[in-house]
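Colleague: I have the sequence and the model open side by side. Could we go through it in short questions?

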Amino acid sequence: MYRFSNTVIGVLNLLSLLASIPIIGTALWKARSSTTCENFLQTPLLVIGFIILLVSLAGFIGACFNVAWALWVYLVVMIFLIATLMGLTLFGLVVTSQGGGVEVPGRVYKEYRLGDYHPWLRERVRDPEYWNSIRSCILTSKTCARIETWTTLDYFQQDMSSVQSGCCKPPTACTYEVGVVQGGEDCFRWNNGIEMLCYECDACKAGVLEEIRLDWRKLSVVNILVLVLLIAVYAAGCCAFHNTRHAAHPYHPSDDNRMTKVRPRWDYYWWRWWHEKKEQLY
């Protein structure tokens, strides 16, 4: 049993250690990629990846080399990691439960409304500093340049990403006549300038939130799978920790044969005194 549980914990931690590498790689790729503008999840991915890497390494060393203190540190950190990851997953599921696109009659693409998203996400994109970084990234990635050559027929037949739908064109409900603009506040924010377009529109912010929402939902699914793996690894780690301590303090069968003095109960003395008095009388 000792070898089996330690082998299991070693294999599981090796797998989780290897699994942390693509998580860290994905976060670094998102940070360096010029076409990925939602840097919202880069820090959580890096933190989760490095913690899993270090914790798995400690568990692997402790299980394979019988290092009791490494396993003790591993189990303490692991329980905090499981609790934190569970909290982040639940928070992500709640925050991303709202949102989604609205069908546009006669069009393939959807349009997005800022008011449909969770208030916590709306506050994020309303922060001027955060939004300016997103806006600069969209300009650099030339997301809108991909639809500049579209004809009127293309707008009816081609699909768009949420960012293209919200940032690269005015809302479909807008009507522009000579000196008259109708359709909502975003219609007034629209500008034909290549560096203006609809980047200050609520529809553009909603399109960015839609990409964040979809990415976060995918990350939540991965978090659930990682949680299941971590709980299984933690259970095996408890067995490995018990076995490592047992190996450090081996069991001696002779311990069971040691005699210990037992103090007689009070009624024994009373019974003995009574019988002695009885014998004296007779």
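Colleague: What percentage of the residues in the protein is buried?
Modeller: Keep in mind that this is a predicted model. The protein has 282 residues. Buried means under 20% relative accessible area. By that cut-off, the buried share is 38%.

Colleague: How many helices and strands are there, and in what order do the elements run?
Modeller: The protein has 10 helices and 4 strands. Read from the N terminus, the order is α-α-α-β-β-α-α-α-α-β-β-α-α-α.

Colleague: What is the volume of the largest pocket, and which residues lie nearest its centre?
Modeller: The volume of the largest pocket is about 350 Å³. Its lining has 20 residues. Nearest the centre are Glu111, Tyr112, Arg113, Pro171 and Ala203.

Colleague: Which elements each supply at least two residues of that lining?
Modeller: One strand and two helices do so. They are strand S1 (102–103), helix H7 (162–167) and helix H9 (202–248).

Colleague: How do the lining residues of the largest pocket divide by type?
Modeller: Tyr, Pro and Ala count as nonpolar, while Glu and Arg count as charged. Over the lining of the largest pocket, the split is 8 nonpolar, 6 polar and 6 charged.

Colleague: Glu111 lies near the centre of that pocket. Which residue meets Glu111 in a salt bridge?
Modeller: Side chains of opposite charge can pair when their charged atoms come close. For Glu111, the N to O distance in the salt bridge is 2.7 Å. The partner is Lys169.

Colleague: How many residues apart are Glu111 and Lys169?
Modeller: Glu111 sits in strand S2 (residues 110–111). Lys169 sits in the loop between H7 and strand S3 (175–177). The pair links distant parts of the chain, 58 residues apart.

Colleague: Are Glu111 and Lys169 buried or exposed?
Modeller: The cut-off for buried is under 20% relative accessible area. Glu111 has 17%, and Lys169 has 5%. Therefore Glu111 is buried, and Lys169 also counts as buried.

Colleague: Which residue forms a salt bridge with Lys110, and is that partner buried or exposed?
Modeller: The partner of Lys110 is Glu103, with the closest N and O atoms 3.9 Å apart. Lys110 counts as partly exposed, at 33% relative accessibility. Exposed means over 50%. Glu103 has 56%, so Glu103 counts as exposed.

Colleague: What separates Arg126 and Glu123 along helix H4?
Modeller: Their side chains meet in a salt bridge, 3.9 Å from N to O. Both belong to helix H4 (residues 119–126). Because they are 3 residues apart there, the separation is about one helical turn.

Colleague: How accessible are Arg126 and Glu123?
Modeller: Arg126 is partly exposed, at 45% relative accessible area. Glu123 counts as exposed, at 52%.

Colleague: Which residues do salt bridges that share partners join into one network, and how many salt bridges does the structure hold?
Modeller: The network is made of Glu185, Asp186, Arg189 and Asp202. The total for the structure is 8 salt bridges.

Colleague: Which helix gives the largest share of the nonpolar patch on the surface?
Modeller: The patch consists of Val47, Ile51, Trp69, Trp72, Val73, Val76, Val77, Ile79 and Phe80, with about 860 Å² of accessible area together. Helix H2 (42–64) and helix H3 (68–95) each give two or more residues. The largest share, 7 residues, comes from H3.

Colleague: Why can Val47 belong to a patch?
Modeller: Val47 lies in helix H2. A patch residue needs over 30% relative accessible area. Val47 passes because its value is 44%.

Colleague: What phi do Lys142 and Leu197 have?
Modeller: Most residues other than glycine have a negative phi. Lys142 is in the loop between helix H5 (128–141) and helix H6 (152–157), and Leu197 is in the loop between helix H8 (185–189) and H9. Neither is a glycine. Yet phi is positive in each: about 55° for Lys142 and about 45° for Leu197.

Colleague: Which is buried and which is exposed, Lys142 or Leu197?
Modeller: Lys142 has a relative accessible area of 55%, so Lys142 is exposed. At 8%, the buried one is Leu197.

Methods:
Residues numbered from 1 in each chain as written. Predicted model: local features only at pLDDT ≥ 70, side-chain atom pairs only at ≥ 80, totals over all residues. Heavy atoms only, no water. 1 Å grid on protein atoms, 1.4 Å probe; cavity = no way out; pocket = protein on both sides within 12 Å on 5 of 7 lines; lining within 4 Å. Points joined across faces, edges and corners; volume = space filled by probe spheres on them. Patch = residues over 30% accessible without salt bridge, like charges linked within 9 Å, V, L, I, M, F, W, Y side chains within 5 Å. Areas by Shrake-Rupley, 256 points an atom, 1.4 Å probe, with all protein chains shown as cover. Salt bridge = Lys/Arg side-chain N within 4 Å of Asp/Glu carboxyl O. Buried < 20%, exposed > 50% of the residue type's maximum accessible area, 1.4 Å probe, protein only.
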